[in-house]
Amino acid sequence: MASEKEAALAAVADPPDAPTLFDKILKKEIPSTAVYEDDMVYAFRDICPQAPTHILIIPKVKDGLSQLSKAEERHRDILGHLMYTAKVIAKQEGLEDGFRLVQLAGQRCELVKASLA
């Protein structure tokens, strides 16, 4: 039997196929400041930056890759491309001497993304 907290969370949870914040950004339903885009990824400035340069890099196609823990062999190309794109953007932003790349994974993540700071 589910606890009261679990039942409440389930009642307000979005359906699994509901558009995420990132889906809405990709569809231009939510504005963003683009810094890089190609056929595989879209990168934009974080609206609540945690560093002077804080950029989110997201894949354009999820293909079941909602969390890093759900990655499969078929996701190798996009995961590598996210990392390579971070390097390209770091150079573009004048961060060749060093930058931090954060990959969040877990229950509260809507999408695999890389955060360049």
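A residue counts as buried under 20% relative accessible area and as exposed over 50%, and it is called partly exposed in between. The structure treated in these exercises is a predicted model.

**Exercise 1.** Decide which class, buried, partly exposed or exposed, fits Arg74, and find the residue with which Arg74 forms a salt bridge.

*Solution.* Begin with the accessibility: Arg74 has a relative accessible area of 45%, and therefore Arg74 is partly exposed. Next, look for the partner, which is Asp63, with the closest N and O atoms 2.9 Å apart. Both Asp63 and Arg74 lie in the loop between S3 and H3, so the pair ties together parts that are 11 residues apart in sequence. Asp63, at 41% relative accessibility, also counts as partly exposed. Finally, Asp63 and Arg74 are linked with Glu72 in a network of salt bridges.

**Exercise 2.** Determine which parts of the chain are tied together by the salt bridge between Asp23 and Lys62.

*Solution.* First, note that the side chains of these two residues, Asp23 and Lys62, meet at 3.2 Å, N to O. Then place each of them: Asp23 belongs to helix H2 (residues 21–26), while Lys62 is in the loop between S3 and H3, so the salt bridge joins parts that are 39 residues apart in sequence. As a last step, consider the surroundings, where Asp23 is buried with a relative accessible area of 17%, whereas Lys62 is partly exposed with 27%.

**Exercise 3.** Work out whether strand S3 is enclosed or open, and describe how S3 pairs with S2.

*Solution.* Start by counting: 5 of the 5 residues of S3 are buried, so this strand is largely enclosed by the rest of the structure. Now separate the two faces, for Ile55, Ile57 and Pro59 are buried on one side, and Leu56 and Ile58 are buried on the other. Turning to the pairing, S2 and S3 run in the antiparallel sense over 5 bridges, and the bridge partner of Phe44 in S3 is Leu56.

**Exercise 4.** Identify which element supplies the largest share of the largest nonpolar core.

*Solution.* The core in question has 11 residues in all, including Val35, Val41, Ile55, Leu65 and Ile89. Strand S2 (41–45), strand S3 (55–59) and helix H3 (76–92) each supply at least two residues of this core, and the largest share, 5 residues, comes from H3. Apart from this core lies another, of 6 residues, among them Phe22, Tyr42, Phe44 and Ile58.

Terms used:
Residues numbered from 1 in each chain as written. Predicted model: local features only at pLDDT ≥ 70, side-chain atom pairs only at ≥ 80, totals over all residues. Heavy atoms only, no water. Core = buried A, V, L, I, M, F, W, Y, C linked by side-chain atoms within 4.5 Å. Buried < 20%, exposed > 50% of the residue type's maximum accessible area, 1.4 Å probe, protein only. Helix = DSSP H or I, 4+ residues; strand = E, 2+ residues; numbered from the N terminus. Pairing = 2+ DSSP bridges. Salt bridge = Lys/Arg side-chain N within 4 Å of Asp/Glu carboxyl O.
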